[in-house]
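Thanks for coming, everyone. I would like to take a few minutes to walk through a structure that will be new to most of you, so please look at it along with me.

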Amino acid sequence: MPTAKNLVQETEKFFNHYWNISKEEPPFWSERWDFNSSIPNNEKRGCYALFNGQELIYIGVGIGKSFGKYLGSGLGDRLKRYWKVNKDQNSDVKYMPTDDWLELTSLMTIGFEEKDYPLAAALEIYLINKLNPLRNSKHK
């Protein structure tokens with residue numbers, strides 16, 4: 001079962017191989033999202049990791065230019081497919097998973113600067129290959 005710790009470790013291995021660390025520090029994974037605030041890195045392009053409890057179940061990438069209020073914000077635009085506003089007036093949680101992702105309990109994101117965002121696609125493929133999350137399929 002892959003976890004957030006495995007995600008961070010494999011990401012460090014990826015950056016050790018593909019990032020010029022002498023030039024600048026690579027981006028890093030956010031803390032877990034609390035369902036009440038803005039999604040971390042929502043204004044950037046990058047990768048996201050979805051969790052059911054401690055288990056990492058899906059890795060994705062949000063690198064599109066998007067449109068409207070999400071213009072240039074690949075993560076914010078992509079992640080709106082997984083979360084919706086919680087309309088339960090008695091709940092203290094502002095957001096909740098969509099019907100197709102009810103098992104989700106949290107997410108993490110890693111946002112890239114505009115000049116580096118193409119590496120997000122490579123990181124997604126690398127992490128899926130290394131961690132094999134439950135709901136991802138292997139690239140063919």
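Let me begin with Val85, which touches Lys94, Tyr95 and Met96 once residues up to four places away in sequence are left out of the count. I should say straight away that this is a predicted model. Val85 lies in strand 3, which covers residues 83–85, and in space its C-alpha is 9.7 Å from that of Asn36, although the two residues are 49 apart in sequence.

Let us turn now to the sheet. Which order do its strands follow? The sheet is an open one of 3 strands, arranged 2-1-5 with antiparallel pairing. Strand 2, residues 55–62, and strand 5, residues 106–112, each have a single partner strand and stand at the edges, so one side of each is left without a neighbour in the sheet. From one strand to the next, the twist averages 20°.

If we look at one pairing in detail, strand 1, which spans residues 45–52, is joined to strand 5 in the antiparallel sense over 7 bridges, and Ala49 stands opposite Met108 in strand 5.

That leaves the helices that meet these strands. Helix 1, residues 4–18, lies across strand 1, strand 2 and strand 5, and it runs at about 15° to strand 5. Helix 3, residues 118–131, packs on the sheet as well, where it touches strand 1, strand 2 and strand 5, and its direction makes about 155° with that of strand 2.

Conventions. Residues numbered from 1 in each chain as written. Predicted model: local features only at pLDDT ≥ 70, side-chain atom pairs only at ≥ 80, totals over all residues. Heavy atoms only, no water. Pairing = 2+ DSSP bridges. Helix = DSSP H or I, 4+ residues; strand = E, 2+ residues; numbered from the N terminus. Axes fitted to C-alpha atoms, helices over the stretch in contact; angles between N-to-C directions. Contact = heavy atoms within 4.5 Å.
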